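Work through the following exercises with the sequence and the model side by side, and try each task before reading its solution.

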Amino acid sequence: MFVIIGTQIKKQDCGCLPEMRLCPRCRRAAYFQIIREQRWFTAFWVPLFPVHTTEYLQCPCCGLTFPMDQANETLPDKGAGNSSALQKGARQAGRLYGRFRKYLD
């Protein structure tokens with residue numbers, strides 16, 4: 001008799017941050033998504049119990065990810081003197097929405 005065991009990763013979208021943050025990679029202002037990733041122990045490809053859980057933030061524009069505990073050091077918020085960069089990112093998002101609105105409706 002043989003047994004097939006292993007692990008499987010499941011990702012869950014847990015919403016987004018309540019305030020806009022500036023992405024260090026793409027320099028756009030965005031609401032970062034909170035992603036929960038769980039590693040499950042499996043037997044015969046059936047998930048039995050979670051082994052490890054991590055949460056991280058992901059930029060919706062460029063896909064940059066980093067752990068939740070580094071969010072305050074890595075992501076500047078609105079009050080950090082980046083209001084012009086946040087306004088620029090909001091203007092860019094508005095222009096993109098206007099350009100692609102016909103495809104979205």
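**Exercise 1: a residue in the first strand**

Gln-8 has a relative accessible area of 32%, and because buried means under 20% and exposed means over 50%, Gln-8 is partly exposed. The model in which this value was computed is a predicted one.

Task: find the element that holds Gln-8, and state how far Gln-8 and Pro-47 are apart in sequence and in space.

Solution. Begin with the element, and note that Gln-8 lies in strand β1. Next, go along the chain to Pro-47, which is 39 residues apart from Gln-8 in sequence. Finally, turn to the structure, where Gln-8 and Pro-47 are 7.3 Å apart, taken from C-alpha to C-alpha.

**Exercise 2: the elements of the chain**

Task: list the elements of the protein chain from the N terminus on, and state what share of the residues is buried.

Solution. The secondary structure of the protein chain comes to two helices and six strands. Reading from the N terminus on, the elements run β-β-β-β-β-β-α-α. As for burial, the protein chain has 105 residues, and buried residues make up 21% of them.

**Exercise 3: building the sheet**

Task: work out in which order the four strands of the open sheet stand, and name its edge strands.

Solution. Before the pairs are taken one by one, it helps to recall that strands of a sheet pair through backbone hydrogen bonds, either parallel or antiparallel.

1. Start with strand β1, residues 5-16, which runs antiparallel to β4 and is joined to it by 10 bridges; within this pair, Lys-10 has Gln-38 of β4 as its bridge partner.
2. Continue from β4 to β5, which pair in the antiparallel sense over 11 bridges. Here Arg-39 stands opposite His-52 in β5, and Ile-34 has Leu-57 of β5 as its bridge partner.
3. Go on from β5 to β6, where the pairing is again in the antiparallel sense, over three bridges, and where the bridge partner of Gln-58 is Thr-65 in β6.
4. Put the pairs together: the four strands form an open sheet in the order β1-β4-β5-β6, with antiparallel pairing. The edge strands are β1 and β6 (65-67), each of which pairs on one side only, and the twist averages 40° from one strand to the next.

**Exercise 4: positive phi angles**

Task: decide which residues in the two hairpins, of β4 with β5 and of β5 with β6, take a positive phi, and then treat Trp-45 and Arg-27 in the same manner.

Solution. Most residues other than glycine have a negative phi, and most peptide bonds are trans.

1. The hairpin of β4 and β5 has two residues between the strands, and in it Phe-44 takes a positive phi near 55°.
2. Trp-45, although it is not a glycine, has a positive phi of about 65°, and its place is in the loop between β4 (33-43) and β5 (46-58).
3. The hairpin of β5 and β6 has six residues between the strands, and there Gly-63 takes a positive phi near 85°.
4. Arg-27, a residue other than glycine, has a positive phi near 60° and lies in the loop between β2 (21-22) and β3 (29-30).

**Exercise 5: buried or exposed?**

Task: sort Arg-21, Arg-27, Ile-5 and Trp-45 into buried, partly exposed and exposed residues, and find the surface patch that includes Ile-5 and Trp-45.

Solution.

1. Arg-21, in strand β2, has a relative accessible area of 9%, and because the cut-off for buried is under 20%, Arg-21 is buried. Its side chain makes a polar contact with the side chain of Glu-19, at 2.8 Å.
2. Arg-27 has a relative accessibility of 48%, and therefore counts as partly exposed.
3. Ile-5, found in strand β1, has a relative accessible area of 56%, so Ile-5 is exposed.
4. Trp-45 has a relative accessibility of 65%, so Trp-45 counts as exposed.
5. For the patch, look at Phe-2, Val-3, Ile-5, Phe-44 and Trp-45, which make a nonpolar surface patch of about 630 Å².

Methods
Residues numbered from 1 in each chain as written. Predicted model: local features only at pLDDT ≥ 70, side-chain atom pairs only at ≥ 80, totals over all residues. Heavy atoms only, no water. Buried < 20%, exposed > 50% of the residue type's maximum accessible area, 1.4 Å probe, protein only. Pairing = 2+ DSSP bridges. Polar contact = N/O pair within 3.5 Å; in protein donor to acceptor, adjacent residues only side chain to side chain. Axes fitted to C-alpha atoms, helices over the stretch in contact; angles between N-to-C directions. Patch = residues over 30% accessible without salt bridge, like charges linked within 9 Å, V, L, I, M, F, W, Y side chains within 5 Å. Areas by Shrake-Rupley, 256 points an atom, 1.4 Å probe, with all protein chains shown as cover. Salt bridge = Lys/Arg side-chain N within 4 Å of Asp/Glu carboxyl O.
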